[in-house]
Amino acid sequence: MSDEMLAVFIGSTLRLAMPLLIAATGELVSEKAGVLNMSVEGMMLTGAFAGAIGSWATGNAMLGLAIGLVAVIPVALLQAFLSVTLRANQIVTGIGINILVLGATTTAYRAILGRHSRTPIPGLDRWSPPGLGDIPIYGEAIFRQTWLLYAALVVIAIVAWVLRHTAIGLAVRAAGTEPRAVDKSGLSVTRVRYGAVLFTGFMSALAGCFLSIGDIHTFTDGMTNGAGYLALAAVIFGNWRIGRTVLASLFFGAATALQFQLPATGVNVPTALLIMLPYLMALIAVGGLVGRQTAPPYLTQAYVR
Amino acid sequence: MSTGAAAIASAAPLPAGRRGPPALLISALAVLFAIGCGMALVLAMGVRIGDAVAAFAEGAWGSPYAIAASINRALALGLVGLGFVLAQRANLTNVGGEGQIALGGIAATAVSLYGGAASLPAPWSFVLPMLAAAVAGGAWGGIAGVLKVKAGTNEVISTLLLSFIAVWMVYGAVQSEALLRQPMTTTASLPESSEIPDATKLPPLSADADTPLHVGLPIALALAAVVAVVLGKTVFGVRLRAIGLNPVAARRAGMRIGPAIVWVLFLAGALGGLAGAFMLQGDQGSLKARFSSGYGFDGLVVGLLARGSVPGVVASAVLFGFLRSGGINMELAAKVPSALVLVIQGLIILTLAGAAFWIDRRKEPAR
C-alpha cells in the first residue's frame, strides 16, 4: 500500500467512523442510565434530514445543524415518554420509531424538495489543525476534515470525564446500576433517564448532521442505512466502556473504509463480508466469546417506584 | 444482557383468561388512530382524499389479481408473525424475521437451482426447497436460542445482529458466480440468481392466470392451525407459557428450559425461513440483493398486533398485506409516497406498545 493510499485510508476511516463514534457515545450514556434506545437509527435520520432541510432552507449550514438538533427533541421525548413513563418495551418502541421516522423523512423530503432534490445543500466548513494540514501527503487526506469532527472529539472527551468524575455522571451510572438507590437519595430516576435519552437524541442528531451536511452535503432516503444499529453494536462490542466503544467505532469505520479501498489494491475480499464484519463481531461479543460482557444490570428495565 | 428477558414482559402474552375484548379493542383503536393520522397527512400533502382512497382500494382489492397479490403478501407476513407469537409465548422476542427470510431464500434458491429439486416428482420438486428454507431459517433462529441458553445473550440483540448478517449474506451470494449469481453471459447480467425452474415454483391454485394465488395459501392456513393447537392444546405449549410467565418456577417444577428455548426459536426461525421460500417460489422467482426487503420487520409488527393470538396473526397479516399493496398503488396512481404506509406502520407499533401500559395495568394486582 502506497503512502497516498494509506493516507486516504486513515482519512476515510476517521470520516466513516465519526457518525458511529458520536452516536455510540450518546447511546452509551443512556444505556448507562438503563435505557436501550433502538431508536438511535431514527434519531440519526431525523438529524440528517432536518439538518439538510434546515441548511437548504436557510442557506446556512450552521443554522441547519441547529435545526437538526432541535428537530430530534420530539423524537427523543417520544422514546423517553414511551419507555420511561409508560414503561413500554424499549426495543419495540425503538423499532417503531425507526420505521416511523424512515417513513416521515422520506415522505417529507419528497414533499419539500420534490423538484429541487438535486439542488446542492450548503455544508459545514472544513478545517485542519494548524500545521498538521500541511504535512506532505498525509496532512491533506487525514486532517482536512469537517470542523464538526474535531468538535465531536472534544464533546466525547467531555462526556467521558463527566461520566467518570462528576455527580451527574454518578447519577447516570447509578440509574442503570441501582435505580432504587438513586430514588432513595432524593433524585428522580425518571428525570435522569429522560435527560439521558435526550442526550442520546442530541448526539444521534449530531451524527446524522455529520452524515448529511458534514460528509456528503445531501440527503437521501434512509441515508443512515443501519448506522444507528452499528452504533448500538459498537456499544455492545465496547462492553459499555467509553474507551472500548470509541475503539470499536474506529474499527467498524476501518472495515467500511476497506470496502472502498480493497478493490483498488487488487485484494479480492467479498464486499459483503466486510459490510457484515461489524455485526459479526458484535454478535461474537454478545455471545460471550470475548470476555464477560457486563451490561448495566438495569438495562431495559423500567423503574417502578 | 441476561436481565433483558424480564423487561420484555410488556410484549408478553396476557394470561388466557384475561385476553379478549379490551386488548383487541385497544389494538383496533391503535390501528384506527394510525390510519387516521395517515389520512390527515395525505390531506396535508394536498392530495384529494378521494383520489388517494380510490387508488388505495384499486391497488389493494380492485381486481382479482390485486386481491391475490395482497393475500400472497399476507402469507409471508403471517408466517413471520406466527413465529413471533410462538416465541413470544415463552417470553422471547424474535426480531430476526428479516434474516430468517433471507436464509430461507438462500436455501430455497440453492436447492431449486443446484440441489436437483427440479427433477423430483411433483410435490417434492417444490416441497424440498421449502423444507430446506425452513431448516435454514430454523438454524438461524436456533443460533439465537443457543446463545441465550449458553451465554445469556438477549435474543433481541442476537436475532437483530443475525438479521443484518443474513441480509448481507444474500448480497454476497448473488455477487459471486461461485455462489448463487447467474452465469455472466454478457456484461449486463445483473447480480442476481438465475430464475428457478418452473417445477420448483409454487403451483397456482387455479388455471386462471389472473389470480396468482398459489398452494402456499392452504399451507400457511394449515400451519396457523397447527401453531394454534400447539400453543393451546399441547404439553409443549403449556411448557412455553410456564417458561414465559416464570422461568424460575418452571425450572423448579423440573422443566428443562434450555432445550425448550432453543426449540421454540428454531421453530420461529423455520416459519420465517418458510416465508422466504414463499416469497422466492411463489412470487419473485430469483434471488436478488434486496430479497427480504423489510418483510421480516413487517412480520414482526403483524406478530405484535396479534397480541399473542393466532387468529390475531391471520387478521393483522391480511390487514398489512392489503395495506402494503394499497400503499404501492397509492404512490403510482395518486402520487402519495408509499413511505406514508411506513408512517402508519410506525404509529401502529408505537400506539400499541404505549397502550400495553393500560392493558397491563388492568391485570396488575392493586399495590
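Two residues are in contact here when heavy atoms lie within 4.5 Å. The structure is a predicted model, and the exercises below rest on its coordinates.

**Exercise 1. The surroundings of A:Gly208**

Task: Establish which residues A:Gly208 touches, leaving aside residues up to four places away in sequence, and decide whether A:Gly208 is buried or exposed.

Solution: Begin with the position in the fold, where A:Gly208 is found in helix H9 of chain A. Next, list the contacts: with residues up to four places away in sequence not counted, A:Gly208 touches A:Met44, A:Gly47 and A:Ala48. Then turn to accessibility, for which the cut-off for buried is under 20% relative accessible area; A:Gly208 has 0% relative accessibility and therefore counts as buried. Finally, as a separation within the chain, A:Gly208 and A:Val246 stand 38 residues apart in sequence, and their C-alpha atoms are 17 Å apart in space.

**Exercise 2. The overall form of chain A**

Task: Describe the make-up of chain A by its helices and strands, and determine what radius of gyration chain A has beside that of a compact globule.

Solution: Count the elements first: chain A holds 12 helices and 2 strands, and read from the N terminus their order is α-α-α-α-β-α-β-α-α-α-α-α-α-α. For the dimensions, the C-alpha trace of chain A spans about 60 × 45 × 40 Å along its principal axes. A compact globule of 305 residues would have a radius of gyration near 19 Å, and because chain A has 19 Å, the two agree. Burial and contacts complete the description: 56% of the 305 residues of chain A count as buried, and of the contacts in chain A between residues at least 6 apart in sequence, 75% join residues at least 24 apart. As for the surface, chain A has an accessible area of about 12300 Å², 66% of which belongs to carbon and sulfur atoms.

**Exercise 3. The salt bridges of A:Arg110**

Task: Trace which residues are joined with A:Arg110 into one network by salt bridges that share partners.

Solution: Start from the total, since the search of the whole structure finds 8 salt bridges over all chains. In one of them A:Asp221 pairs with A:Arg110, their closest N and O atoms being 2.5 Å apart. This pair links distant parts of the chain, with A:Asp221 in the loop between helix H9 (189-216) and helix H10 (227-237) of chain A and A:Arg110 in helix H4 (residues 90-113), 111 residues apart. Both ends are partly exposed, A:Asp221 having a relative accessible area of 34% and A:Arg110 one of 39%.

The next step is the salt bridge between the side chains of B:Glu331 and A:Arg110, at 3.6 Å from N to O. This pair crosses between chains, running from helix H13 (residues 310-334) of chain B to helix H4 of chain A. B:Glu331 is partly exposed, with a relative accessible area of 29%.

For a pair within chain B, take B:Asp298 and B:Arg324, whose side chains meet in a salt bridge at 3.2 Å, N to O. The two residues are 26 residues apart and link distant parts of the chain, B:Asp298 lying in helix H12 (residues 295-305) and B:Arg324 in helix H13 of chain B. Both B:Asp298 and B:Arg324 are buried. To conclude the tracing, salt bridges that share partners join A:Arg110, A:Asp221 and B:Glu331 into one network.

Technical notes:
Residues numbered from 1 in each chain as written. Chains lettered and ligands numbered in written order. Predicted model: local features only at pLDDT ≥ 70, side-chain atom pairs only at ≥ 80, totals over all residues. Heavy atoms only, no water. Helix = DSSP H or I, 4+ residues; strand = E, 2+ residues; numbered from the N terminus. Rg over C-alpha atoms; globule rule 2.2 N^0.38 Å. Buried < 20%, exposed > 50% of the residue type's maximum accessible area, 1.4 Å probe, protein only. Areas by Shrake-Rupley, 256 points an atom, 1.4 Å probe, with all protein chains shown as cover. Salt bridge = Lys/Arg side-chain N within 4 Å of Asp/Glu carboxyl O.
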